[in-house]
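Biologist: I should like to learn how to read the architecture of a protein model. Could we go through one together?

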Amino acid sequence: MEETIQPKFSEPVFNRSHGRLLMPENRYWPTRMWKNPWSLPTYRRGAAVLAGLLSGAAGAAWLLGEIGPRVAPLYSMAEQYALSYGIPLFLVQTAWTVIKAAVLLAVPLVNALFAVWWERKISAHMQSRMGPMYVGRWHGALQTIADGIKLFLKEDLVPESADKIVHLLAPVAVIIPAILVFAPIPFGRELVYADLDIGTVYVFAVGGVSVMGIIMAGWASGNKFSLLGGLRSAAQLVSYELPRTFSVIPVIMLAGTLNLSAIAGLQAGYWGGVLPRWFIFYPVVGQVAFVVFLIASVAETNRIPFDIPEAESELVAGFNTEYSGMKFALFFLSEFAYVLLSCLLMAAFFFGGGEPPLPFLGFLPSWAWFLGKTLVLMFCFLWFRWTFPRFRVDRLMDFNWKFLLPVSLLNIAAAGVLIWFLDCWAAGLLGG
Amino acid sequence: MIEQIVFYMLAAVIILSALGVVLLPGVMHSALCLGLCLAGVAGVFASLGSDFIFAAQILVYVSGIAVLILFVVLLAGSASDLVTRQINEQWLPSLLICAAFIWSFLRIPAYFSGITAKSDPAPTVRALAGALLGDYAVPFELISIVLLASMTGAVLFARRKAE
């Protein structure tokens, strides 16, 4: 009598880089992991890799030193060179502007390359998944480049019922302000494309133009989901723009200038040698302003919990349902550009820009601190996305008009009282 | 040289988009052209070196009023708005009226055309703030009271209609 052949499932075969993750002791990931995480060698190794990366980045920044003050001598050197060879100065200035603009253009591109990968990894780890692991060998580091190639090769679809020209122009109208808006942003000491005197107003003004592109996309797609998404988006962005702008006014009142790099530079120094003079540490006013600005910024970038313009479960993908290929990529790029912009603004307004948090940490250059603060804030943005449920449409509006806006207005009054109090303090009228 | 190139480009954008506002079929296209036209005017302000007016123009007109107009078109529009021609049989009289207005408006800049800026453009915010909250504080506050009153009135009317 023959034995019945039991179907024998072979052990899963993985390639080398993947097999390491599913070794027998890790099979029960994540349940066993959370019991005693430090008992797992992979966990300890991961922490060591992270610490190594951070200290390596800090060391590289220390070796590089300040970049900002080196730029102006470079330009005068180019001018000297042009003079000695008889090249007209007009050409040098044009070339210099083009180079600066190209560097500025690279900011949203590189940011998207990094932020998309980071968002996927963070979301995966928050949901006890791995996220991208294959492309680029190390933790899927090149996943976004592969995604970009995929988007390049995709067919560019235009719906039959679409308004062709407006449909084509909508991503352009979204991405152009998203690039222009980085012009007055300081990335460190003296590291700014255009040191505008009205930097703050410029950022809020130009950043608001993208709403038009979103409405265009929603309307021109000829799709009811897109139209609803565009409409919701217009309502939400126009509403949340108000508390977002009003929450910055206390900072401007305290700083007395609209220039972004001047606002960041004013926060140098420490109270009692320990507490940095950042605007977030001004009692009550600073914290309220920061929280309102943070909430309104998350809403302005259409991210969860304020993502009703593109709520997947209700509206397919909202205003960008009918977009594919590079047009869709432009919407995506601008969303991440605005996330980066919000984080840069928060770092400049509330966290002292390029100033180190403690006096003895001043050996790192200002751009490293600026970038570090921005990345920490960006992590918060990604963290919110995978933590909170979505708002309902009417709740969203109620929250803005009945809570955020009055709070931000009251905060302006409180800032006035605080300034008066500080003036009295400085004049020695209070308690001597 | 560069100033002139920039000016003529901006002027072309403004005039073409302004023509688009009144000639294009469909309310939505007109609203979008209006946004472009207002942005072009902001560009002229920027090229003349008045930085705050440029930012205020973008903030108030392009990302405020133009977006609100788009919003109204999306909410209150009907299907026929998208194809309706904007020109009826009375285009000739209206063209004549416009020509009369343009001719009279042209006389105003002609009066100032000999005046050129003496120095490079400088930041204007400080001077503006000093004027608005110093010499002209009373008219400034009066205007805000008028705006507040009109806003309250709008809320009142909207509420009464709802009942």
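Modeller: The discussion below takes up helix content, one helix, the nonpolar core and the second chain. Please note that this is a predicted model.

Biologist: How many helices and strands does chain A have?

Modeller: Chain A contains 16 helices and 2 strands. Of its 432 residues, 38% are buried. Among its contacts between residues at least 6 apart in sequence, 75% join residues at least 24 apart.

Biologist: What span should helix 14 of chain A have, and how far apart are its end C-alpha atoms?

Modeller: The expected span follows from a rise of 1.5 Å a residue, applied to one less than the number of residues. Helix 14, residues 325-349 of chain A, has 25 residues and should therefore span 36 Å; its end C-alpha atoms lie 36 Å apart, in agreement.

Biologist: Is helix 14 of chain A mostly covered or mostly uncovered?

Modeller: Mostly covered: 21 of the 25 residues of helix 14 are buried. As a general idea, nonpolar side chains in soluble globular proteins tend to be buried together. Here the largest nonpolar core has 115 residues, and A:Ile215, A:Met346 and B:Ile58 touch the most other members. Helix 14 of chain A gives the most to this core, namely 17 residues. Beyond its neighbours within four places in sequence, A:Met346 contacts A:Phe293, A:Leu294, A:Phe351 and A:Leu377.

Biologist: What radius of gyration does chain B have, against that of a compact globule?

Modeller: Chain B has 20 Å, whereas a compact globule of 163 residues would have a value near 15 Å. Its C-alpha atoms fill a box of roughly 55 × 40 × 25 Å along the principal axes. Chain B has 6 helices and 0 strands, and 18% of its residues count as buried.

Technical notes
Residues are numbered from 1 along each chain as its sequence is written. Chains are lettered from A and ligands numbered from 1 in the order in which they are written. This is a predicted model: local features need pLDDT of at least 70, side-chain atom pairs count only at pLDDT 80 or more; totals for chains, interfaces and linings use all residues. Helices (H or I, at least four residues) and strands (E, at least two) are DSSP runs, numbered from the N terminus. A residue is buried if 20 or more other C-beta atoms lie within 10 Å of its own, exposed if 12 or fewer, and partly exposed in between; C-beta atoms are placed from the backbone. Two residues are in contact if their C-beta atoms, placed from the backbone, lie within 7 Å. A nonpolar core is a set of buried Ala, Val, Leu, Ile, Met, Phe, Trp, Tyr and Cys residues joined through C-beta atoms within 7 Å. The radius of gyration is taken over C-alpha atoms; the globule rule is 2.2 Å times the number of residues to the power 0.38.
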